[in-house]
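Thanks, everyone. I have one structure for today, and I will go through its aromatic pairs and then its pocket.

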Amino acid sequence: MEFIETYRFVFIILHVFFVVLGMGSALIVDLLFNYYIRDRKLSEDEHKTLNFLTKVIWISLSLITASGVLVFLTDSEWYLASPKFLLKMCIVLVIAINGFL
């Protein structure tokens, strides 16, 4: 546990980086899809680009989860008592379920 508490700041920085990477990739996928679909079909290159970015989103979501668990473990009692944290976890769950559908 001391290791986790010692590197709390690093875990938070990584967590924020992965959130930005995932959200940025999701935004780019949405923008590119809307741009690509204007001719009502996706070329092979367009499809490959969207598939690559989708993988980046899933990897980011995995890394967000892992870094989030590490941040949570630095002070789990405080996080469990925080309504903001619990609401955030509900939102993350909804986003993850939406991604699977």
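A search over the whole structure, which is a predicted model, turns up six aromatic pairs. I will take two of them.

One is Y35 with Y36. The ring centres are 6.2 Å apart and the planes stand at 55 degrees, so this pair is tilted, as 55 falls short of the 60 degrees that edge-to-face has to exceed. Y36 has 14% relative accessibility, so Y36 counts as buried, the limit being under 20%.

The other is F72 with Y79. Here the centre-to-centre distance is 6.2 Å and the angle between the planes is 40 degrees, again a tilted pair. Are the two residues buried or exposed? Y79 is buried, because its relative accessibility is 10%. F72, at a relative accessible area of 22%, is partly exposed, because that value lies between 20% and 50%. F72 and Y79 also belong to one aromatic cluster, together with W78 and F85.

Now the pocket. The largest one has a volume of about 860 Å³. It is lined by 27 residues, and those closest to the pocket centre are V19, L61, I64, V92 and I95. Which elements give two or more residues to that lining? They are α2, residues 8–36, α3, residues 44–74, and α5, residues 83–100. The biggest contribution is from α3, with ten residues.

As for the class of residue, the lining of this pocket has 18 nonpolar residues, seven polar and two charged.

That is what I have on the pairs and the pocket. I will take comments now.

Conventions: Residues are numbered from 1 along each chain as its sequence is written. This is a predicted model: local features need pLDDT of at least 70, side-chain atom pairs count only at pLDDT 80 or more; totals for chains, interfaces and linings use all residues. Side-chain values use heavy atoms; hydrogens and water are left out. On a 1 Å grid over the protein atoms alone, a cavity is a set of points where a 1.4 Å probe fits but cannot get out, and a pocket is an open set with protein on both sides within 12 Å along at least five of seven lines; lining residues have an atom within 4 Å of a point. Grid points are joined across faces, edges and corners, and a volume is the space filled by probe spheres set on the points. Helices (H or I, at least four residues) and strands (E, at least two) are DSSP runs, numbered from the N terminus. Ala, Val, Leu, Ile, Met, Phe, Trp, Tyr, Cys and Pro count as nonpolar, Asp, Glu, Lys and Arg as charged, and the others, Gly among them, as polar. Rings of Phe, Tyr and Trp (its six-membered ring) pair if their centres lie within 6.5 Å; planes under 30 degrees apart count as stacked, over 60 as edge-to-face and the rest as tilted. Buried means under 20% relative accessible area, exposed over 50%, partly exposed in between (1.4 Å probe, protein chains only).
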